[in-house]
Every structure is written in structure tokens, then in C-alpha cells.
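Me: Could you take me through one part of this model up close, the helix packing in the first chain, and then show me how the rest connects to it? I work with coordinates all day, so please spell out the cut-offs as you go.

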Amino acid sequence: MILSKSVAPTVPDYADTSLRKRVLRRIKNRPTTRGAIVLLGILLLLALFAPFIAPQNPHDLASLSVMDNRLEPGSQGMTGITYWLGTDAQGRDMLSAILYGLRTSLLVGLTSTAGALAIGVLAGLVAAQFGGAVDAAIMRIVDFMLGFPSILIALVLLASIGRGVDKVIIAIILVQWAQYARLMRAAALVERRKEYIEAAVNFGLPTRHIMLKHLLPNSIGSVLVISTISIASAITLEATLSFLGVGVPVTQPSLGLLIANGFEFLLSGEYWIAAFPGIALVLLIMSLNLVGERLRRSFNVRG
Amino acid sequence: MRNPIIYAFVAGTCLLSAPAWAQSLKIALSSEPTAIDPHYHDLSPNNALAMHIFDSLTKQDEKQKVLPSLATSWENDGKNRWTFKLRQGVTFSNGQPFTADDVVFSFCRTLKNETAIAGSFADITGNFTAVEAPDSHTIVITTKAPDPVLPNFLSGVAILSASTLPHGKLTFDVANNCGVTGKWPVVGDFNDGKLAIGTGPYKFKSYTKGTSIELERNDKHWGPAEPWANVTFVPVPNAGPRLAGLLAGDYDVIENPAARDVSRIKDDKRFGYVITPSTRVIYFQLDVEREPSPFVKTENGKNPLKDPRVRKAMSLAIDRDAIIKRIMDGAAEPAYQFLPTGMFGTLPNPPKISYDPAAAKKLLAEAGYPNGFQVTLATTNDRYINDSQITQAVAQYLTQVGIRADVDAMARAIYFPRRSKKEFSVAIGGWGSTSGEASSFLKQWPATPDEAKTIGGSNYGGYLDPEFDKLIRTAIVTLDDAKRSELLQQAGTKVIEGGAFIPLHFESSVWAYKSNLTYLGRADQFTMAMQVKPAK
């Protein structure tokens with residue numbers, strides 16, 4: 001939508017439509033991509049309606065019973081509830097825990113990506129627009145952030161600020177914004193050299209107007225496409241952090257924490273505690289990656 | 001004289017057709033010692049390791065009974081003087097003879113130990129007013145107040161060799177450096193083995209943090225020779241891989257396989273196991289002092305934990321048997337006091353705390369909290385057996401009677417400093433009695449701190465009961481065993497009634513091993529190569 005409005009001076013409308021058609025055609029022609037989209041849709045719906053679908057609220061300790069812990073899939077609990085995917089060490093229904101875990105994973109993935117995107121895009125835009133010392137300062141911070149493995153930064157951060165969904169989101173935003181800043185800066189620099197921007201500058205339009213109305217809409221496309229793949233990496237990062245014991249609170253397990261909890265029971269033959277959340281996580285990451293990758297290729301973005 | 005022994009040994013080895021590895025032993029630990037320095041931190045894994053390389057004046061057997069070690073006998077003058085007769089003919093692994101000087105040197109070092117954690121062992125030697133050596137094999141210790149369990153405590157104080165530091169005449173004159181002219185060693189100085197010189201059954205060989213600790217048999221040891229020429233300790237914190245390593249033949253002995261996995265080796269002829277009840281009690285410590293408390297939220301803004309009825313309700317709300325059955329897989333005993341029944345100074349029949357959620361709700365209503373309140377339980381997730389799972393289960397039980405409980409689980413490296421800064425309202429704790437007496441817990445946790453800080457060091461919840469304080473302070477300086485036992489029982493009863501500590505269970509330790517070995521489990525949970533013998 002934004003594209004058609006401001007791209008108008010340089011890119012004619014028909015190019016836009018044909019691109020869109022091209023993308024749609026490619027997606028239609030690829031059964032894997034279609035499958036991934038359907039799967040992602042299902043997972044999103046399951047996560048969204050988890051409280052209505054789940055047989056148990058796994059975050060409400062009063063509804064759990066330790067006496068029902070580590071039951072095999074299909075077992076019947078003391079209260080008559082059937083645990084189709086078994087229970088974990090706290091007597092949590094695995095099915096419910098996975099549905100709620102999906103919710104946490106997606107919540108963390110989407111909000112942290114959105115947050116990182118907002119900060120990164122703004123930083124990249126400012127760097128590209130003002131150049132010079134501002135650019136250098138921002139890009140050195142970005143280099144610094146990208147110089148460390150993201151898991152290390154997140155671990156140190158969470159070890160100092162403690163557990164919690166909100167804190168995990170903050171940590172992921174802090175480790176991910178830098179890559180968006182770099183991408184955005186590169187895209188905006190290319191755009192800045194184009195004639196319509198020069199024209200806008202010569203017209204004496206205010207810098208803010210140029211940045212937000214011209215530069216931003218025309219350079220954000222590639223960053224947005226890359227961000228779809230980054231949702232998957234944000235979710236992976238959350239799962240890793242929770243697996244390592246610094247992520248979400250133990251009473252509100254995400255998929256990563258559920259896998260960590262189940263890990264120690266694998267050798268005891270109680271595979272379901274780790275295996276089912278593992279499968280859910282793989283499906284979620286895989287569908288997000290497939291969709292994101294397809295989008296990236298269709299728009300011919302390099303990230 | 002040596003040759004026949006070697007021949008006999010070789011012949012014996014051939015007859016038994018023992019495989020080549022029979023001489024070396026590999027043990028997988030769940031919790032790695034944090035140092036080779038035996039005075040660094042009074043922590044079970046550290047103490048267990050220290051006992052391979054070093055001896056103390058006394059030692060404790062697997063049931064924590066005190067036995068002679070470097071001291072052959074000891075007596076008390078009925079007040080605060082203890083005389084220890086030292087063993088003759090003992091040499092350190094560097095060939096130096098063991099004398100009273102080494103004892104004075106070692107006691108001084110615990111008081112001149114810059115890198116020690118939380119004054120480890122100085123809480124024992126800090127009570128000494130004088131340590132004298134009338135002759136080379138006698139030590140006379142004078143304590144500030146009578147200390148009836150000094151021989152028990154001395155079993156933990158490792159004796160170093162004075163020959164490792166330049167010194168003049170050694171005296172227990174701490175203010176004047178005890179006669180030592182060199183620089184007192186710090187924790188790191190022990191890791192390359194130069195200072196790890198002891199009289200123990202094994203010698204230090206190498207130490208790689210996080211990877212392995214290697215020991216070899218000390219042929220100069222005064223006691224019977226150990227059957228193992230080489231011993232390797234490997235830290236494997238995760239229970240799964242630890243057991244997998246045993247099953248695959250990588251380890252000869254492992255400590256604490258998950259109790260639920262014992263069934264896997266139960267019917268396997270290749271392996272054996274032993275489950276030993278320990279003296280380690282697991283409990284929750286409540287903040288009964290502050291108003292309001294940081295992790296408690298109530299409608300009236302007060303700290304409900306100050307009300308004994310609320311504390312009792314919390315204790316009644318917890319189903320200890322269910323936790324032991326479902327979380328501990330049976331490898332624990334329910335705790336109704338703070339040291340297992342039968343140990344010195346414990347109650348023979350502590351009142352059983354039965355699971356009674358109805359009574360708990362009633363008590364809460366009486367205390368003015370019919371709708372309960374909110375609380376966060378703080379717990380480690382890498383210290384005690386199933387610690388985080390236990391706390392979550394307790395949170396479930398509290399929530400079921402209306403106390404909406406949340407769990408904050410963290411690594412011990414974060415937890416312990418935060419707890420000592422009193423940052424929690426309800427905190428998990430675990431305590432094994434090093435002396436084997438009830439006084440160990442009572443003087444450390446519920447007692448009001450004294451000036452010298454030798455008691456009440458862990459009273460983070462601000463528990464205050466003057467009657468109890470009087471009892472415990474009298475008990476720990478009473479030499480008469482019958483009287484002391486009586487006083488400790490009375491003091492223990494007060495703490496149980498006070499309810500500021502909610503006992504859950506006593507941990508049982510499990511060791512699994514190859515079936516060509518035997519293992520004698522210890523109540524103090526120490527994993528030691530000396531407990532492993534070839535099966536006959």
C-alpha cells in the first residue's frame with residue numbers, strides 16, 4: 001500500500017502489480033511453501049485460541065497435580081482428564097503446555113522482532129540520512145553489538161535482570177536491533193542517491209518529511225522481508241535461553257523450557273516430555289523459515 | 001621385603017584374572033569441587049575431595065561417627081581444654097614427617113585465608129584462644145567457651161604441611177603471622193599441586209577445572225593401602241549423561257543417578273547401586289521479620305509470614321509424601337525436624353506434619369487471610385536433588401489452599417549471594433549436619449546472631465525466639481552429653497513449633513557402580529574413592 005503511493009515517481013505501478021503477481025504465482029507453484037503457510041496459519045490459530053482449546057490452564061498451579069506427573073500419553077488423570085500427550089514432572093498436561101508454549105514463543109518472537117525492527121530501522125535511517133559522525137557513532141555501536149554472539153549478550157543480560165517473558169523480549173530486542181540497523185542503513189543509502197530524493201531536497205522539504213515519507217517507505221521493504229526470517233531466529237533464541245535456564249519463569253514454560261524440563265527424563269524412557277514440545281518447535285521454526293525464505297527469494301532481497 | 005609383596009600381588013591379579021583397568025578408578029560427580037585448596041570453602045564436594053589428599057585430626061565414618069585419624073586419642077578437661085595425642089610415624093607425601101607444628105600451621109592458615117568463602121573453617125578455629133604443642137606429638141587446644149563437639153568439627157579441618165612455606169618457630173600467634181615468614185597461600189596456589197601436600201591415602205596429580213581431577217595412590221600413607229593406583233573424578237552435572245556414561249562403561253562409579261533411573265540398573269547384572277539416607281534436610285526459610293516482605297503481596301499490605309498460624313497453614317498445605325513419591329522417586333524421607341531421628345539431640349518422636357489442606361485453609365481464615373495472599377518462592381535449580389521441581393510442587397500445594405505462589409528459580413551462583421543479602425521472602429535451603437548433632441542446624445539457622453558471628457550466620461529470615469536462643473546457647477557449651485541432648489531436644493521443639501522453617505524431607509543419596517565393585521554410601525553424601533573396593 002505504502003509502496004504504490006511513494007514509489008510512484010520512480011517505479012511505475014505496473015511493475016508493482018507484476019511483482020505481486022509473480023510472488024503469488026511462485027507461492028502457488030510451490031507446494032512446500034503452500035504447506036508451510038497452511039501450517040503456520042494453523043499454529044497461529046492454535047496459539048491464539050489456546051485458552052479455549054487447551055484442556056487445562058498449565059499456568060494455573062491450582063489446576064495441576066503432582067500426583068499426575070510423568071504420565072504416559074493417553075493416560076487418565078485423577079480428576080478424570082485424559083492427557084493425550086502425557087504429563088511433565090509437575091503434572092502439566094503436555095498438550096495444554098505446548099499450546100500455551102506456542103503462545104509464549106510467538107508472543108516473544110513477534111513482539112521482540114517488532115521492537116528490534118522499530119529501533120533498528122530508526123537507527124539505520126538516521127545513520128543514512130545524517131551520515132558523518134552520527135553515522136559513524138551508530139555504526140560503531142552496531143559493529144560492537146554484532147561482534148558478540150547474540151546468545152552470549154542475551155545470557156549476560158538475563159542473568160543480571162532476571163527471568164520473565166518481558167525481560168526475554170527486551171534481551172532479544174537488544175541483541176537483534178543491530179542487524180536491522182545495518183540493513184536499513186544500506187538500503188536507505190542506495191535510495192538517498194536517487195534523483196527523487198535529490199529533487200525533494202532541492203524543493204526544500206523538511207528533513208523529517210524526506211526521511212519518513214520518502215526514504216523510509218522505499219527502503220524498508222527488504223528489511224521487512226528479512227524480519228520474517230528473524231522471527232524464527234528470535235523464537236529459537238528464546239527457546240535456547242529458556243533451555244539454558246535464564247528465560248521464562250518455570251511456572252509459565254515456553255517450548256524451550258518444556259524441552260529443557262523433558263531433557264533429563266529422556267534417558268528414563270519418558271520421551272514425551274521433551275519430544276512433543278520439540279516437534280512443535282521444529283514445525284513452528286520450519287514453517288516460519290520456509291515462508292520467510294520464499295518471500296526473500298521472491299523479492300530478491302539479500303540479507 | 002617389597003619383592004614378595006609385589007609377586008604376591010601379581011600372582012593374585014593373574015589368579016583373579018582382573019582386567020588391566022582394575023587398578024584405576026573413574027568416578028563421575030554430579031557436583032564438581034570448586035577448588036583443590038581444602039580450606040577454601042566448607043562445601044560437601046570440596047570436603048570430600050580434600051579427604052583423599054589430606055587427613056584431619058579426626059575423621060567421621062559413613063554414619064558420621066567420629067574416629068581417630070591424625071590424632072590417636074583425645075580428652076577434655078571438663079571445661080574448655082582439649083588435648084590431642086598425635087599419630088607417630090606419619091609422613092607427608094613430600095617425605096616430611098608430620099608433627100604438632102603442622103597442626104598449628106594449618107589452624108593458622110584457616111585464619112589467614114584471604115580467599116576463603118564466608119569464613120569457611122575459621123568459624124571453628126576462630127573459637128580457639130590458644131593452641132599449644134607441649135611436645136612434637138601433642139596438641140592442646142583452648143577454646144573461648146566449652147565446645148563439646150570440637151572433635152567432630154575438627155574432622156573437617158584438613159592438615160597441611162608446614163614445610164610448604166618458609167617459617168620460623170610456629171606458634172598460634174595469629175596477630176604475628178604464627179611465625180610464618182612466607183606469604184600465606186591463596187586458593188589458586190593449590191591447583192598446580194605444589195601445595196597440595198597431605199598425609200591422605202591419595203596424592204594430587206592434576207586438576208583441570210570442568211574436566212577432571214586426577215589422583216594417584218600415596219604410597220607413604222600411614223593407613224592401609226588403597227586398592228586403586230589412579231583415581232579420576234569427572235564432573236558430569238546432568239544425571240542423564242552420567243548414567244549413560246556408566247552404562248557405556250566410561251565410569252566405574254557415578255554419584256546421584258536420578259532415583260527414577262535406578263530401575264534401569266536394578267535388574268542388570270553388570271551394575272550395582274546403593275541408596276543411603278543422608279542427614280541433609282531440605283526446607284523453606286520464611287521471612288518472619290520484615291514488614292512488608294519483598295516477595296509477599298497481601299490485601300492489607302502486611303507480612304502474613306509473621307503470623308504463626310499462617311506458617312503452620314503453609315506447612316500443613318504441603319503433601320510431603322506425594323513430593324517424595326512423585327518428584328524424589330522415593331529417594332527421600334519426610335522431615336518433621338531438622339536432623340533425622342536417631343542422631344544426637346533429635347526428637348525420638350517428632351510430631352508428624354500430615355497433609356491437611358482443609359485445616360490449612362481454616363488457619364488462613366483465622367489469621368485474617370481467607371482469600372490467601374501472593375508469594376514468590378525462591379529456589380536454586382542446580383544445588384539440591386530436584387530443587388526446582390520440589391519448589392514448583394510446593395507452589396502447587398500452596399496455591400491449592402489459596403496462597404498464590406510463584407517460583408523464581410536460579411543458579412546457585414546467583415541464589416546464594418542474593419539469599420545472604422536477604423532478598424527473598426520464602427527461600428529453599430538444605431543443610432547437612434557436619435558434626436552429626438542437632439546443634440549444627442539450630443545454631444546456624446534459627447539462632448539470633450551473636451557478636452562474634454559464630455552462631456546465627458544464616459538467620460536470613462530474622463527468626464527471633466529468646467527462649468530458644470537461651471536453650472541453644474546453653475546447649476552448645478554443655479559438655480555433659482545427656483544434658484546437652486536434652487537441651488537440644490527442647491531447642492529443636494521450639495523451632496518446630498515456631499514454624500519459621502518448613503522442613504520437607506531428608507535427601508537420600510544414590511551411588512551406582514560396576515558390579516565388580518562395592519560402594520559404601522555415606523550419610524554426609526561424600527563421594528570418595530576410599531568407599532570403593534573391588535568386589536570379592
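Reply: Happy to: helices H7(A) and H10(A) cross in a right-handed way (the near helix is turned clockwise from the far one by less than a right angle; anticlockwise would be left-handed). Before going further, please keep in mind that this is a predicted model, where local features need pLDDT of at least 70 and side-chain atom pairs count only at pLDDT 80 or more, while totals for chains, interfaces and linings use all residues. Residues are numbered from 1 along each chain as its sequence is written, and chains are lettered from A and ligands numbered from 1 in the order in which they are written.

H7(A) covers residues 150-161, and its axis comes within 11 Å of that of H10(A), at a crossing angle of roughly 50 degrees (axes are lines fitted to C-alpha atoms, for helices over the stretch in contact, and angles run from 0 to 180 degrees between N-to-C directions). H7(A) and H10(A) are therefore oblique to each other (under 35 degrees is roughly parallel, over 145 roughly antiparallel, 65 to 115 roughly perpendicular, and the rest oblique). Helices here are DSSP runs of H or I with at least four residues, strands are runs of E with at least two, and both are numbered from the N terminus.

On the H7(A) side, Ser150(A), Ile151(A), Ala154(A), Leu155(A) and Leu158(A) meet Leu237(A), Thr240(A) and Leu241(A) of H10(A) (contact means C-beta atoms, placed from the backbone, within 7 Å). By class, this contact has 6 nonpolar, 2 polar and no charged residues (Ala, Val, Leu, Ile, Met, Phe, Trp, Tyr, Cys and Pro are nonpolar; Asp, Glu, Lys and Arg are charged; the others, Gly among them, are polar).

H10(A), residues 207-243, has another partner in H8(A), residues 165-192: their axes come within 9 Å and cross at roughly 155 degrees. That angle is why H8(A) and H10(A) are roughly antiparallel to each other, and their crossing is right-handed. H8(A) contributes residues including Val168(A), Ile172(A), Tyr180(A), Leu183(A) and Met184(A), and H10(A) contributes residues including Leu215(A), Val223(A), Ile226(A), Leu237(A) and Leu241(A). The classes are 13 nonpolar, 5 polar and 3 charged. Leu237(A) and Leu241(A) thus appear in the contact with H7(A) and in the one with H8(A).

Stepping back, chain A has 12 helices and 2 strands, in the order α-α-α-α-β-β-α-α-α-α-α-α-α-α from the N terminus. Its C-alpha trace spans about 75 × 45 × 30 Å along the principal axes. Of its 303 residues, 43% count as buried (20 or more other C-beta atoms within 10 Å of the residue's own; 12 or fewer is exposed and anything in between partly exposed, with C-beta atoms placed from the backbone). Among contacts in chain A with a separation of 6 or more, 68% join residues 24 or more positions apart.

Chain A also touches chain B, with 18 residues from chain A and 28 residues from chain B. The chain A side divides into 11 nonpolar, 5 polar and 2 charged residues.

Over in chain B, an open antiparallel sheet of 4 strands has the order S4-S5-S7-S6 (strands pair if DSSP finds at least two bridges between them). Its edges are S4 (71-76) and S6 (128-132), each pairing on one side only, and neighbouring strands are turned by 15 degrees on average, direction ignored. S4(B) meets S5(B), residues 81-86, over 5 bridges, and Glu75(B) has Thr83(B) of S5(B) as its bridge partner.

Elsewhere, S17(B), residues 426-431, runs antiparallel to S12(B) with 6 bridges and parallel to S15(B) with 2 bridges. Val426(B) stands opposite Leu286(B) and is the bridge partner of Leu377(B).

Finally, some backbone details to check. Most residues other than glycine have a negative phi, and most peptide bonds are trans. Asn177(B) has a positive phi of about 65 degrees and is partly exposed, with 16 C-beta neighbours inside 10 Å. Asn386(B), with a positive phi of about 60 degrees, is buried with 23 other C-beta atoms within 10 Å; its place is the loop between S15 (374-380) and H11 (387-400) of chain B. The peptide bond from Glu291(B) to Pro292(B) is cis, with omega near -5 degrees, and Pro292(B) lies in the loop between S12 (271-286) and S13 (296-297) of chain B.

Key: Two residues are in contact if their C-beta atoms, placed from the backbone, lie within 7 Å.
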